[in-house]
Amino acid sequence: MSINIIVAAGRDGAIGRGGDLAFHISADLRRFKALTTGHPVIMGRRTFESLPGGALPGRRNIVLTRSASWSAPGVETAPTLAAALALTEGGADPYIIGGGTVYAEAMPLATRIELTEIDADTPDADTWLTPIDPAAWHTADTSPWQTDPRTALRYRFITLTRL
């Protein structure tokens, strides 16, 4: 099983602020949907609660929560990342979609990172990506820099594979 992390991060590692994404880039959201559709997505409870429409359609939604009584429509729960990953065994490879503490726990287990690198800092961010150790990863693909027409943010897509 390949364990995939998918994330958009600024130069400073910012991924979130105020319970929302740090950046909203249409091409990044389209890529996220294209890559994760048909795969299980694993996320923390706060990440799930930040989704505007609840469970993501076309994906098996697994939410990490320590609360045995927490539930939401279209969602499976797991008390730990290990338990969530066990739920996906034998099926499509899972994508870890956040938040910061879930990324940190998943980083040593991940075999692939789908990174949207955003050429910006976010001084008011409150959630960051665990630094990616360049000695542990190979850059398998990098897109050219692009500019989002709505936000004027420069970004590129990078695929990293575990060495």
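1. In this predicted model, Ala14 stands opposite Trp128 of strand E9. Strand E2, which covers residues 14-17, is joined to E9 by 2 bridges, and the two strands run antiparallel. The sheet to which they belong is open and has 3 strands, in the order E3-E2-E9, with antiparallel pairing. Its edges are formed by strand E3 (20-21) and strand E9 (127-128), each of which pairs on one side only.

2. Turning to the interior, the largest nonpolar core holds 25 residues, and among these Ile5, Ile42 and Ile96 touch the most other members. Two or more residues are given to this core by each of strand E1 (4-10), strand E5 (60-64), helix H3 (81-88), helix H4 (100-106), strand E8 (112-118) and strand E12 (154-162). Apart from this core lies another, of 12 residues, which includes Phe48, Val75, Tyr95 and Ile97. As general background, nonpolar side chains tend to be buried together in soluble globular proteins.

3. Ile96 deserves a separate look. Once its neighbours within four places in sequence are left aside, Ile96 is in contact with Ile3, Asn4, Ile5, Ile6, Ile42, Leu81, Val102, Tyr103 and Ala106. That list includes Ile5 and Ile42, which are named together with Ile96 as the residues that touch the most other members of the largest core.

4. The largest pocket has a volume of about 1,400 Å³. It is lined by 46 residues, of which Thr47, Ser50, Ile97, Gly98 and Gly99 are the closest to its centre. The elements that give two or more residues to this lining are E1, E2, E3, helix H1 (26-36), helix H2 (45-50), strand E7 (95-98) and H4. Of these, H4 gives the most, with 5 residues. By residue class, the lining of the largest pocket divides into 20 nonpolar, 16 polar and 10 charged residues.

5. The second largest pocket has a volume of about 320 Å³. Its lining comprises 19 residues, and the closest to its centre are Leu115, Glu117, Ile132, Ile158 and Leu160. Two or more lining residues come from each of E1, E8, strand E10 (137-142) and E12, and E10 gives the most, with 4 residues. The lining of the second largest pocket divides into 9 nonpolar, 6 polar and 4 charged residues.

6. Some elements recur across these points. Strand E1 gives two or more residues to the largest nonpolar core, to the lining of the largest pocket and to that of the second largest pocket. Helix H4 likewise gives two or more residues to the largest core, and it gives the most to the lining of the largest pocket.

Definitions and conventions. Residues are numbered from 1 along each chain as its sequence is written. This is a predicted model: local features need pLDDT of at least 70, side-chain atom pairs count only at pLDDT 80 or more; totals for chains, interfaces and linings use all residues. Side-chain values use heavy atoms; hydrogens and water are left out. Two strands pair if DSSP finds at least two bridges between them. A nonpolar core is a set of buried Ala, Val, Leu, Ile, Met, Phe, Trp, Tyr and Cys residues joined through side-chain atoms within 4.5 Å. Buried means under 20% relative accessible area, exposed over 50%, partly exposed in between (1.4 Å probe, protein chains only). Contact means heavy atoms within 4.5 Å. On a 1 Å grid over the protein atoms alone, a cavity is a set of points where a 1.4 Å probe fits but cannot get out, and a pocket is an open set with protein on both sides within 12 Å along at least five of seven lines; lining residues have an atom within 4 Å of a point. Grid points are joined across faces, edges and corners, and a volume is the space filled by probe spheres set on the points. Ala, Val, Leu, Ile, Met, Phe, Trp, Tyr, Cys and Pro count as nonpolar, Asp, Glu, Lys and Arg as charged, and the others, Gly among them, as polar.
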